[in-house]
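Student: I would like a close look at one part of this protein, namely its charged side-chain pairs, and then at how the rest is laid out around them. Please take it step by step.

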Amino acid sequence: MFSRNHRSRVTVARGSALEMEFKRGRFRLSLFSDPPEDTELQRKLDHEIRMREGACKLLAACSQREQALEATKSLLVCNSRILSYMGELQRRKEAQVLRKTGRRPSDSGPPAERSPCRGRVCISDLRIPLMWKDTEYFKNKGDLHRWAVFLLLQLGEHIQDTEMILVDRTLTDISFQNNVLFTEAGPDFELRLELYGACLEEEGALAGAPKRLATKLSSSLGRSSGRRVRASLESASGSGSGPILLPTPAVGGPRYHLLAHTTLTLAAVQDGFRTHDLTLASHEENPAWLPLYGSVCCRLVAQPLCMTQPTASGTLRVQQAGELQDWARVHGVLKGTSLFCYRQPEDADTGEEPLFTIAINKETRVRAGELDQAAGRPLTLSISNRYGEDEVTHTLQTESRGALHSWMEALWQLFFDMSQWKQCCDEIMKIETPAPRKPPQVLAKQGSLYHEM
């Protein structure tokens, strides 16, 4: 919650986005006056600014193309996160100012609207098919071009990326093995996917230049002198530092281009694979053009918190359907689409099987007893489900009027969450925990300045 009694200050300084990035001192000073959620966001912003500086230093120290590609990718991701965090921070500041200048909590007005629960969204098994020409793929004609591609995924202010993959005409599709998980999402989420790629120039001619030069030098300088020069050239080339007579030029860094993008919403969530359209951002005349088919295949699932965490619990007396006299005293736990009835509270924590379960779904009818009944009469609510032609009703007794209101509120909130999350509340979708990111294979070699830093 935002506090109303502390002094507000502008976190984002005036000027361009790049100017604001380098004014880190102002971001740090604002930590002492901002709400806790803003403080956490500013900490992330400060971390990304430091990561950006490190990526720039690594890019300047890169001696191999693959290293430069990884460093440039990190720089692009850091820049995207910095701009996203600054935009979200500014939006929160504006909302805070509007609340301060608006209506006070004591002012009369309409009651606060009900908000849906949050949830987790996971996208996995990403595949992007390619569409090569027949002459390129089957007949292996034309120049062999390669691309370095990766995906940038954004949900709200949170941005994640996949590993970088090298692509040429020997591949029929681009497969990303990452499971990307977003832990804070609402039912109105918009997951944006952006495919970035950098075209790599063919290096065959350049790679053979030192050997051809060594051959010419050995024949022109004589047998003994030529052998020494040739040995020096080959040893320098094998060490990765480049030929002594052909120093490696300063690397300005590769350039990634936006190749395609799409936005996925709750309607795309399904516990299975689906194909979605991509909006292509490049054409064949563009040097960074990659022959994309125009679609992406993935598995997009979501887990609302109401399906995985208990929303209400307490002591109940339950009269099962068809039993007019017997009342069972149970410990009820409302979780997902079921009201679990245990013998005692400890059974819910130890994983014991419940005595019985009452289904709660979108078709369930809940009705409270007479709230104005005489003192001393039991406070009841009934839960009815229809199975074909039969209707099954369970009657519940609560210990107090406050407990009855709490159970009714929890049930109405659950029904509201179901109406917002829709198909995600039919059953719990499985989300696999993302595996730790493996270091890029191209960085396996050690001994360069890049790795030392």
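How many salt bridges does the structure hold? Please look closely at the ones that involve Glu88, and then go on to the strands and helices.

Tutor: The model is a predicted one, and it holds 16 salt bridges. As background, side chains of opposite charge can pair when their charged atoms come close.

Begin with Glu88, whose side chain meets that of Arg91 in a salt bridge with 2.6 Å from N to O. Glu88 also forms a salt bridge with Arg92, where the closest N and O atoms are 3.0 Å apart. The spacing along the chain helps to explain both pairs. Arg91 and Glu88 lie three residues apart in helix α4, which covers residues 65–101, so about one helical turn separates them. Glu88 and Arg92 are four residues apart in helix α4, and this again puts about one helical turn between them. The general rule is that an α-helix has 3.6 residues a turn, so residues three or four places apart point the same way.

Now consider how accessible these residues are. Glu88 has a relative accessibility of 12% and therefore counts as buried, since the cut-off for buried is under 20%. Arg92 is buried as well. Arg91, with a relative accessible area of 46%, is partly exposed.

Another pair is formed by Arg386 and Glu391, with their closest N and O atoms 3.5 Å apart. Arg386 is exposed at a relative accessible area of 53%, because exposed means over 50%. Glu391 has 38% relative accessibility and counts as partly exposed. Elsewhere, Glu48, Lys73, Arg81 and Asp161 are joined into one network by salt bridges that share partners.

Next come the strands. Arg386 belongs to β17, which spans residues 379–387, and Glu391 belongs to β18, which spans residues 390–398. These two strands run antiparallel and are joined by nine bridges. One of the facing pairs is Ser384 with Thr393 in β18. The hairpin of β17 and β18 has two residues between the strands, and Gly388 there takes a positive phi near 70 degrees.

That hairpin is part of an open sheet of seven strands, in the order β15-β14-β13-β12-β18-β17-β16, with antiparallel pairing. The edges are taken by β15 (356–359) and β16 (365–368); each has a single partner strand, so one side of each is left without a neighbour in the sheet. From one strand to the next, the twist averages 35 degrees. On the other side of β18 from β17 in that order is β12. Strand β12, residues 312–319, pairs with β18 in the antiparallel sense over three bridges. Gln319 has Thr395 of β18 as its bridge partner.

Helix α11, residues 401–421, packs on this sheet and touches β12, β13, β14, β16, β17 and β18; the direction of α11 makes about 30 degrees with that of β17. With 21 residues, α11 reaches 30 Å from its first C-alpha to its last, close to the 30 Å expected at 1.5 Å a residue. Its buried residues include Leu404, Trp407, Leu411, Leu414, Phe415 and Trp421. Just after α11, Lys422 takes a positive phi of about 55 degrees.

A further strand to look at is β11, residues 295–304. Nine of its 10 residues are buried, so β11 is largely enclosed by the rest of the structure. Strand β1, residues 119–129, pairs with β11 in the antiparallel sense over seven bridges, and Gly119 has Pro304 as its bridge partner. Strand β9, residues 273–277, also pairs with β11 in the antiparallel sense, over five bridges. Here the bridge partner of Phe273 is Arg299.

Finally, a word on confidence. The average pLDDT of the protein is 77, and 67% of the residues score at least 70. Over residues 104–111 the pLDDT stays under 50, and the model has five contacts for them beyond four places in sequence. Residues 202–214 are also below 50, and that stretch has nine contacts beyond near neighbours in sequence. Where pLDDT is low, the predicted coordinates should not be read in detail.

Key
Residues numbered from 1 in each chain as written. Predicted model: local features only at pLDDT ≥ 70, side-chain atom pairs only at ≥ 80, totals over all residues. Heavy atoms only, no water. Buried < 20%, exposed > 50% of the residue type's maximum accessible area, 1.4 Å probe, protein only. Pairing = 2+ DSSP bridges. Salt bridge = Lys/Arg side-chain N within 4 Å of Asp/Glu carboxyl O. Axes fitted to C-alpha atoms, helices over the stretch in contact; angles between N-to-C directions. Contact = heavy atoms within 4.5 Å. Expected span 1.5 Å × (residues − 1). pLDDT = per-residue confidence, 0-100.
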